[in-house]
Amino acid sequence: FIKYDAGRGLMRKQIRIFIFKVIFACVLFTGLYITPVYAAEVVSYHNLTTDSAMEYDDVAVKYQYNNTDVTMSDIGILGESGSAMAPMADLFVQTLNVECEFCLSDSSVLLKDGSNQVKIMPGDTNANVNGVSVTMSEAPVLLKNQLNQLLYYVPSRFIASNLGFDYEWKKELSTVFISREYTIRYTSDFTGQPITL
């Protein structure tokens, strides 16, 4: 409340103080309810294959396997050609249970699932699929992340499809959907005939 005072100078001063307090209270009150806008988080890597720096922001590729989110220690990325690239160990070894043989001499990797085999090498777009040379749209790369961890990134569509998995990329969701149908054969105890599911 403002008290009336015969001196106009004092009254004007009190009005200015009152207005300042109201504005300050409004700014403080609304500031509590405004969600801050943060800059996009930039993820940096060092490409050991090409000895160059790489940065990504807001391009994380997510993965689902049989309708369940895949938990990865690092993000999925888009390669130079636009292909989705995934950390091989997180997606293929730990989630899809693909057998993996790593060769120290040339950093090549042999991925095996059932009768399907894919052999790849960092920086090389040529792969060996079941004994046949095939060209990939994106070469695998060895990366070092901000924690100095070594990561082997591979083109996920190429590897998954050639190992027999169903693969679907939904760009609007930045999500890769991987699935697999299993065929089970057994013999009925009642008829003695084989049944396929």
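Let me begin with two residues, Tyr45 and Tyr153, both of which are buried, where buried means under 20% relative accessible area, exposed over 50% and partly exposed in between, with a 1.4 Å probe and protein chains only. Please keep in mind that this is a predicted model, in which local features need pLDDT of at least 70 and side-chain atom pairs count only at pLDDT 80 or more, while totals for chains, interfaces and linings use all residues. Residues are numbered from 1 along each chain as its sequence is written, and side-chain values use heavy atoms, with hydrogens and water left out.

Now to the rings: the structure holds three aromatic pairs, a pair being Phe, Tyr or Trp rings (for Trp, the six-membered one) with centres within 6.5 Å, called stacked if the planes are under 30 degrees apart, edge-to-face if over 60 and tilted for the rest. Tyr45 and Tyr153 make one edge-to-face pair, at 5.9 Å centre to centre and 70° between the planes. That pair links distant parts of the chain, 108 residues apart, with Tyr45 in strand β1 and Tyr153 in strand β13, residues 150-155; strands here are DSSP runs (E, at least two residues), numbered from the N terminus.

Phe102 and Tyr152 are also edge-to-face, at 6.3 Å and 90°, and because Phe102 belongs to strand β7 and Tyr152 to β13, this pair ties together parts 50 residues apart in sequence. Phe102 is partly exposed, at 44% relative accessible area, whereas Tyr152 is buried, at 9%.

Returning to β1, residues 42-47, its side chains alternate, with Val43, Tyr45 and Asn47 buried on one face, and Val42, Ser44 and His46 pointing to the other and not buried.

Note on methods. Helices (H or I, at least four residues) and strands (E, at least two) are DSSP runs, numbered from the N terminus.
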